[in-house]
Each structure stands twice: as C-alpha cells, then as structure tokens.
Amino acid sequence: MNDFSIQVATVNGSGSQSSNTVLMRSIFQMGIPVSGKNLFPSNIAGLPTWFTIRANKDGWIARRKEIDFLIAMNAETAREDVMNLDPNRVVVYEETLKLNQYRKDLTFFPVPFAKLATEIISDSRLRKLLANMIYVGVVGELLEIDPAEMEVALTKQFKGKAKAVALNKTALEVGRKYAKENFDKTTVPYKTQRMNATKDKIIIDGNSAAALGCMFGGVTVATWYPITPSSSLCESLADYMKDYRIEKDGKASFAIVQAEDELAAIGMAIGAGWAGARSMTSTAGPGISLMQEFIGLAYYAEIPVVIFDITRVGPSTGLPTRTQQSDILSLVYCSHGDTKHIVLLPASVSECFSMAYQAFDLTERFQTPIFVMSDLDLGMNNWMSDPFEYPKIKFDRGKVLSAEDLKKLGSFKRYGDVDGDGIPYRTLPGTNHPAASYFTRGSGHNDRAVYSERPDDYKNNMDRLNKKYDTARQEVPQPEIDNAKGATAGLLAFGTTHFAIIESLDQLKREYNMPVSYYRLRAVPFTNDLIEFFEKHDRVYIVEQNRDGQMEMLVKLELPANLVGKIRSIRHYSGIPIDARFVTDELVAAEKGERQ
C-alpha cells in the first residue's frame with residue numbers, strides 16, 4: 001500500500017508529459033509522498049522516453065531501480081521493457097503489441113488504446129494525445145486513485161483551456177470505465193490509500209526553484225544561451241520577473257538577455273556585475289568550457305557574478321539529457337593559471353532556492369564568481385518539498401565605498417587588504433568622487449589597480465586571493481553532519497545523491513544493523529569539520545556520480561597525509577540517477593571485503 005513505482009514508456013514528442021503529471025499529482029493530492037523523473041532522449045521527437053513515478057509512504061523520493069507497474073505504450077521498446085521487469089510485476093499495454101506472449105510470471109492488462117481514442121475523437125493527432133490520458137484512467141482504476149483528485153489534477157494541468165479539460169476528462173473516464181468493466185483489480189498487488197504526508201508540501205523542479213531564489217536574491221541582469229538542462233532556469237526567471245518586477249509605469253526593472261553564444265552571455269553578466277548589478281548566467285558543462293577565459297578575468301579582476309551550472313553527462317556533447325556530477329573539478333579550478341572558485345552544492349529544490357539568493361550575497365561579499373552546481377536530475381525533475389522560507393536577511397552588497405566614504409578616506413587601494421581577510425574594497429561606476437575611479441584589467445596590477453609586472457605585486461595579489469578563498473570557508477553554507485552512535489564508517493556525499501544516501505542509511509540500519517555516519521558537503525571550499533569527520537571514523541566512503549572520483553580528488557588535497565588512507569569510493573556514472581540500493585550494496589560489499 002502506497003509503496004510502488006510506475007514506469008511509463010512512450011515516444012518523445014507524443015505529448016505524454018501532461019498525462020504523467022496528472023497521474024503523479026493525483027497521488028500527491030491523496031497525501032502520498034511522490035516524485036517523478038523523466039528519462040528523455042536528446043532529440044526533438046521520435047525516440048523512446050520513460051517517465052517514472054515513485055510513491056512511498058515513508059517519504060523516500062530518490063530513484064528506485066525496480067519497476068512495479070509498467071505502462072508500455074512504445075512498440076519499439078515494449079518487449080525489452082517487459083523483459084527487464086522482476087517477476088510478479090504489472091503491465092498495462094496496447095493490446096495489439098501482444099506483450100503477454102513474452103512472460104508468464106507477470107500480470108498483464110491489455111487495453112485497446114487506439115480503438116478507445118478513436119471512439120472519442122476523429123482527429124488523428126488528438127487521438128494520440130488522448131490515448132495517453134486513457135492510460136491515466138486505467139491506472140487510476142487499478143491503483144484505486146481517488147477519481148476526484150484525478151479530476152482536480154487534470155483541471156489544474158489544463159487550466160484556462162476549457163475544451164482541453166473537457167476532452168481529457170472524457171478520455172480519463174473512458175480509461176477508468178474500460179478497466180472497471182474488463183479487469184479484476186484485486187489481482188494488482190499495489191494500491192493507493194489516502195494519507196496525510198503531503199499536507200502543505202509543494203512539487204517543483206530545481207530550475208524553477210533556483211529562478212525564484214534569484215528573484216528573491218535581487219537579480220537585475222541575467223544573460224544566457226540555451227543549453228540542456230539549464231535553459232528552463234532563465235526561462236522560468238523571465239516569467240517570474242515579468243509577473244513581479246514590472247514597475248508601476250510598465251517598465252521592467254530588470255534585463256534578461258538571450259545572448260548569441262556562451263561567451264557573450266558570460267561577458268555581459270560580468271560587465272553587469274562590474275557596473276553594480278546583481279548579475280548571473282546559467283549553463284551546463286559545455287558552456288562552462290566556453291566561458292573559461294572570461295571567468296578567469298572575473299576571478300583576477302575580482303568582479304561579482306553568479307554562474308549556475310546544471311550538470312549533464314560529458315565529456316564533449318556526451319549524453320546531454322542524462323544526469324551526472326562531473327563538473328566539480330572544472331568549476332573549482334575554472335580557467336587557466338592559479339584559480340580557485342567557490343562552489344555551492346544544493347541537494348534539494350529547497351536549497352536550489354536558498355542557495356540561489358545566498359549566491360548573490362556571497363559574490364558581492366567576496367567579489368568573485370560564485371558557482372551554483374546543480375544537475376539534470378535536480379534541475380529538470382519534479383520534487384516534493386516543504387514551502388520555501390522567505391529570506392529574512394537584507395542584501396549584503398559587500399565592501400562598496402560610497403562618495404561619502406571616499407570623502408572621509410581621501411583615497412583607496414582597489415586591491416588592498418585593509419581588513420586582513422583578503423577582500424578589497426571597491427567603488428561602483430558613477431560614484432561621484434575623484435578617487436572613485438580605477439582601471440579594471442585582467443593583466444598584472446598592484447594594489448592600486450595600476451598595471452604592473454613586478455614579481456612582488458603579482459605574488460601579493462595571488463596570496464591575497466588565496467587568503468580570500470580561505471576566508472570563504474566559514475562563510476559558505478556549512479556541511480550537515482550526522483555522527484551515528486557506534487559508527488566506524490561514514491558516508492560523504494553532496495547534491496542530489498543526498499536522497500539516495502538517506503534512504504540507504506535507513507536500509508543499512510534495518511537490514512544490516514549497521515550504523516553509518518553521514519557528512520553532506522554543501523560547498524567548496526571545505527570547512528575544518530571535514531578533517532574532524534575523518535578523524536572520528538575508520539573509513540569514509542565518498543559517494544559521487546562521476547567516473548573519476550572528482551570530489552575524492554578534492555578531499556585528498558585537503559586531508560593530512562595520515563587520514564588519506566581512510567578514503568573509500570562509491571562511484572555511479574551511468575547517467576541514470578543513483579539509487580539507495582546501489583549505495584547500500586556497494587558499501588556492504590566493501591565492508592565485507594568483497595570489493596576494494
């Protein structure tokens with residue numbers, strides 16, 4: 001009861017997204033924790049796509065590897081989809097596919113979707129769309145999803161489109177009626193039952209949450225170039241800003257510019273940050289590669305800018321619609337020369353929101369690019385969450401000198417370390433004082449921003465930038481640490497891996513009576529807590545979604561030599577979101593000495 005996974009196998013471009021959203025929201029509205037993940041191809045239309053819905057009474061919302069309930073609508077993959085199921089699972093399928101010939105250990109429900117859709121409407125294009133809503137009705141009947149909640153979800157999905165609402169309601173009812181009259185739903189081992197675990201919760205994707213966070217963080221300039229999976233961040237931001245940031249005279253108080261390429265996007269964002277705007281861009285790994293030279297300029301000239309990297313599978317074009325955590329090193333050391341960047345690592349949609357607005361304070365406080373690294377799984381998929389908290393802290397514009405300040409001081413050193421924290425003072429263009437101006441350059445300069453190739457000036461600058469990075473250790477979002485009583489082993493992870501980790505910790509405790517501690521990184525640079533965590537445990541497993549163990553490399557650089565030997569690694573890099581069972585099996589095998 002209230003514990004199952006549904007996989008809908010369709011064709012990209014067939015319009016199944018609305019149907020899947022209605023199905024997921026119907027379960028959510030019954031108070032049952034739920035999550036949805038879209039596995040889609042990197043083309044416009046015509047290739048296989050899968051949407052998985054996980055319902056779990058205990059609130060686990062990470063990917064679940066096993067599929068309980070398959071809706072097979074794609075003839076190309078149907079046989080393979082069926083063959084991949086574990087025994088005793090359920091299959092709803094287009095009856096002409098005759099999938100029941102392949103397995104005897106599954107429960108099959110053949111449905112004449114095409115025929116039923118034809119009875120509703122003659123338009124061939126709309127028939128395909130309605131067939132999707134018919135399977136929602138069939139599944140709703142078999143899983144005993146409240147019809148009233150399905151109708152509410154459907155009406156919400158097609159809000160403002162009366163004809164679409166009426167037509168899809170008919171399709172929904174046709175599906176329900178067919179299942180009721182032709183199937184024995186008591187043979188389905190999965191059911192829904194109303195509970196109260198989603199009260200006051202919301203469902204939102206990470207990119208929309210980040211866009212909201214940017215708006216609350218006071219962004220005024222966003223420049224971007226489209227790339228999956230980051231495009232929806234700036235698209236959502238544009239919608240929110242049009243709703244809430246238009247002045248009474250009808251003029252926009254912001255600028256959102258789709259640039260001609262990534263170089264132009266980051267260049268404009270840096271220019272706006274230099275001029276005093278709260279500016280940002282969003283991109284994915286290939287975009288970061290193209291932006292590197294400009295990012296180095298912003299680092300060395302000390303210009304605030306927020307850069308969202310919604311990571312996908314590389315290298316090169318890679319698998320652009322699959323997820324991975326493989327940009328860590330390229331962000332921390334982005335650009336040439338000795339550069340080290342601050343990277344925020346949200347794990348949830350809530351943190352996508354909060355870290356987005358925190359990033360704008362950090363970038364101005366430290367006068368340096370701030371990266372926010374999310375991933376496709378977090379950015380584009382739907383996640384259940386508590387409502388976001390309204391930010392209560394005023395904007396921190398950092399060390400900005402006004403004309404009044406300069407009048408008192410008489411002059412200032414743009415790149416001087418007055419306070420001993422490595423962070424200089426700056427002025428903004430237009431500050432009405434003779435001492436306000438300085439020359440911004442990416443070439444060598446002294447503390448007064450005067451061109452210099454003197455070795456001591458260069459070294460002083462680089463040492464101060466390093467000191468600024470160290471200062472940031474206590475200002476970035478701090479890690480969350482759970483030291484389990486009696487634990488000799490710990491898990492260290494970051495980002496969306498978090499949801500698989502917390503479920504795995506529960507599995508390890510229930511199934512193996514194995515207490516394991518958890519250290520969740522929320523930012524780079526690391527804090528001193530990292531060393532303390534390693535000192536407390538005999539082994540620490542670093543869990544990450546990339547092949548080379550990129551976070552492991554960073555951690556090794558920070559640890560004293562006597563602690564490096566405690567590092568163990570669990571890596572998942574198929575492009576599919578990591579699941580709890582994978583973490584549990586890998587850790588248990590390693591603890592038993594069955595793997596290195």
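**Reading Helix Packing, Cores and a Sheet**

Tutor: Let us begin with the surroundings of helix 7. The buried residues of helix 7 are covered by elements that include strand 7 (202-205), helix 8 (231-244), strand 10 (279-283), strand 11, helix 12 and helix 13 (376-380). Please keep in mind that this is a predicted model.

Student: How many residues of helix 7 are buried?

Tutor: A residue counts as buried when its relative accessible area is under 20%. In helix 7, 10 of the 11 residues are buried, so the helix is largely enclosed by the rest of the structure. The buried residues are G206, N207, S208, A209, A210, A211, L212, G213, C214 and M215.

Student: How should I describe the packing of helix 7 and helix 12?

Tutor: In general, two packed helices are described by the angle between their axes and the distance between the axes. Here the axes of helix 7 (residues 206-216) and helix 12 come within 7 Å, and they cross at roughly 30 degrees. Helix 7 is therefore roughly parallel to helix 12, since angles under 35 degrees count as roughly parallel. The crossing of the two helices is right-handed.

Student: Which residues make the contact between helix 7 and helix 12?

Tutor: Helix 7 contributes G206, A209, A210, L212, G213, C214 and F216, and helix 12 contributes V349, C352, F353, A356, Y357 and F360. As a general guide to such lists, an α-helix has 3.6 residues a turn, so residues three or four places apart point the same way.

Student: Which helix gives the most to the largest nonpolar core?

Tutor: A nonpolar core is a set of buried residues of certain types, joined through their side chains. The largest one in this model has 61 residues, and those with the most contacts inside it are L237, M280, F308, L344 and L491. Helix 12 (residues 349-366) gives the most to this core, with 10 residues. There is also a second, separate core of 49 residues, which includes F69, I121, I145 and M384.

Student: What is L491 in contact with?

Tutor: Beyond its neighbours within four places in sequence, L491 is in contact with I501, L505, V516, S517, Y518, Y519, F533, Y541, V543, I570, V583 and L587.

Student: Where do T368 and S316 lie, and is each of them buried or exposed?

Tutor: T368 is in the loop between helix 12 and strand 13 (369-375). T368 counts as buried because its relative accessibility is 6%. Outside its neighbours within four places in sequence, T368 is in contact with Y299, I303, P304, V305, I342, T363 and K468. S316 belongs to the loop between strand 11 (305-311) and helix 11 (328-332). S316 is exposed, with a relative accessible area of 64%. S316 and G285 are 31 residues apart in sequence, and their C-alpha atoms are 8.6 Å apart in space.

Student: What is the strand order of the open sheet?

Tutor: The sheet has 5 strands in the order 15-17-16-19-20, with mixed pairing. Its edge strands, each pairing on one side only, are strand 15 (480-482) and strand 20 (567-571). From one strand to the next, the twist averages 20 degrees. Strand 19 (residues 539-544) pairs with strand 20 in the parallel sense over 5 bridges.

Student: Which strands does helix 16 touch?

Tutor: Helix 16 (residues 497-512) packs on the sheet and touches strand 16 (489-494), strand 17 (516-521) and strand 19. The direction of helix 16 makes about 170 degrees with that of strand 17. Helix 18 (residues 550-558) packs on the sheet as well, touching strand 16, strand 17, strand 19 and strand 20.

Terms used. Residues numbered from 1 in each chain as written. Predicted model: local features only at pLDDT ≥ 70, side-chain atom pairs only at ≥ 80, totals over all residues. Heavy atoms only, no water. Pairing = 2+ DSSP bridges. Helix = DSSP H or I, 4+ residues; strand = E, 2+ residues; numbered from the N terminus. Axes fitted to C-alpha atoms, helices over the stretch in contact; angles between N-to-C directions. Contact = heavy atoms within 4.5 Å. Buried < 20%, exposed > 50% of the residue type's maximum accessible area, 1.4 Å probe, protein only. Core = buried A, V, L, I, M, F, W, Y, C linked by side-chain atoms within 4.5 Å. Parallel < 35°, antiparallel > 145°, perpendicular 65-115°, else oblique. Left-handed = near helix turned anticlockwise from the far one by under 90°.
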